[in-house]
Amino acid sequence: MSLETFYFDGQTSQRHTACLEVRQGKLFFRGPEGECEYALDAVQISEPQGAAPRTLRLPDGGTCEVAQGEALTALLGELGHRESLTVRMQKRWGWSLLALVLVAFTMFSGYHWGLPRFAEATAPMLPADSLASLSKAALRQMEKKGDLLPSQLSYGRKQKLSSEFMQMVSLDPELAYYGTNLSLLFYRAPSIGPNAFAFPGGQIVLLDELVDFAGSDEEVLAVLAHELGHASRRHGARQLIQTSILSAFAAAYFGDVSQIAAIVTTVVLNASYSRNMEREADDYAARILIRQNKSPLHLANALERLERSFRKRNGQKDEEDESGSWLDSHPGTRERIAYLRSIPLPATLEKVPPLEEEAEEDEEEDYGEAE
Ligand SMILES: [Zn+2]
């Protein structure tokens with residue numbers, strides 16, 4: 001049986017009509033230049049792509065396009081062609097489903113394990129100066145928007161906190177990476193609330209609201225020790241890498257590149273760390289505080305104070321629904337407080353009593369007023 005086909009000679013884009021036929025164990029081709037014969041196994045056959053015509057590549061470089069249909073199926077049968085394993089698998093539901101599950105698993109594990117590992121490995125390679133300029137730009141933007149206002153703390157208070165902060169810094173050689181960019185910056189930010197945050201470039205920002213809110217300077221310093229943990233472990237840079245890669249992927253996939261620049265600023269402003277990173281920073285804070293003969297319970301108390309205030313403002317809502325303060329960027333507060341209280345402390349350490357049970361009474365009063 002002879003089959004009509006379109007033939008391209010591989011030299012020009014000119015299309016010719018030609019005929020293909022299998023006879024006596026050979027493929028006969030009749031085209032514009034006459035008839036040729038080829039060995040059956042010398043012909044390369046393209047994979048099926050939906051309803052598109054299949055391509056038969058002849059040994060001399062010419063190609064024949066054959067529309068799909070019974071005639072083509074018959075010719076392929078005569079050629080002794082067997083579809084590739086991939087094509088056969090594509091036609092089976094089970095295999096397709098398995099492939100889908102594998103792709104989903106690869107993407108999930110890439111996102112969940114691969115990406116954080118990659119970010120952890122590459123963060124130390126980022127030049128500290130670039131991170132510092134990026135962070136300075138973000139800080140300037142926050143100042144310009146009016147989110148960060150000049151601090152109203154007294155000079156003496158700032159001096160005292162700064163000098164104790166620098167004492168903690170001097171205990172960790174890892175922090176030398178940031179050079180002089182590692183500094184304590186004081187701001188007032190009524191729109192943000194009691195908060196402190198570590199920028200990827202090493203700048204640690206402390207808000208007046210947190211200083212006023214804390215029960216003591218020990219609590220403020222414990223929070224700063226936690227922020228130093230984020231700096232020491234390069235959590236900011238790691239978040240930045242992860243988010244940039246994700247948005248680069250999204251941009252490549254959805255074709256929108258304009259978002260990448262904006263995302264860098266967003267990451268810096270809304271750094272929300274993973275539970276693992278919080279645990280690392282808490283561990284770090286506990287170690288550095290104990291080395292200074294201070295108790296990590298100050299951090300537990302600061303956390304509890306923030307959480308109580310949050311609950312008071314929002315009624316007895318879900319604990320996970322924390323927002324508006326330091327807790328917003330620091331998930332799993334209850335778990336963290338319990339963990340900090342469970343750390344074994346040296347007997348010589350100062351004794352820090354837990355917060356008094358005043359929250360309940362206050363709430364009752366609040367409810368009373370509301371009625
Ligand atoms: Zn944190």
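**Exercise 1. Find which side chain makes a polar contact with the side chain of histidine 235, and state whether histidine 235 is buried or exposed.**

Solution. Begin with the side chain of histidine 235, which makes a polar contact with the side chain of histidine 230 at 2.8 Å; a polar contact is a pair of N or O atoms within 3.5 Å, where within protein one must be able to donate a hydrogen and the other to accept it, and residues adjacent in sequence count only if both atoms are side-chain atoms. This is a predicted model, in which local features need pLDDT of at least 70 and side-chain atom pairs count only at pLDDT 80 or more, while totals for chains, interfaces and linings use all residues. Residues are numbered from 1 along each chain as its sequence is written, and side-chain values use heavy atoms, with hydrogens and water left out.

Next, histidine 235 counts as buried because its relative accessibility is 0%, where buried means under 20% relative accessible area, exposed over 50% and partly exposed in between (1.4 Å probe, protein chains only).

**Exercise 2. Determine how many bridges join β3 to strand β4 and how the two run.**

Solution. First locate strand β4 at residues 34-39, which runs antiparallel to β3 and is joined to it by 6 bridges; strands are DSSP runs (E, at least two residues), numbered from the N terminus, and two strands pair if DSSP finds at least two bridges between them. Then look at the connection, where β3 and β4 form a hairpin with 2 residues between them. Finally, follow leucine 27, which stands opposite tyrosine 38 in β4 and is also the bridge partner of valine 22.

Technical notes: Helix = DSSP H or I, 4+ residues; strand = E, 2+ residues; numbered from the N terminus.
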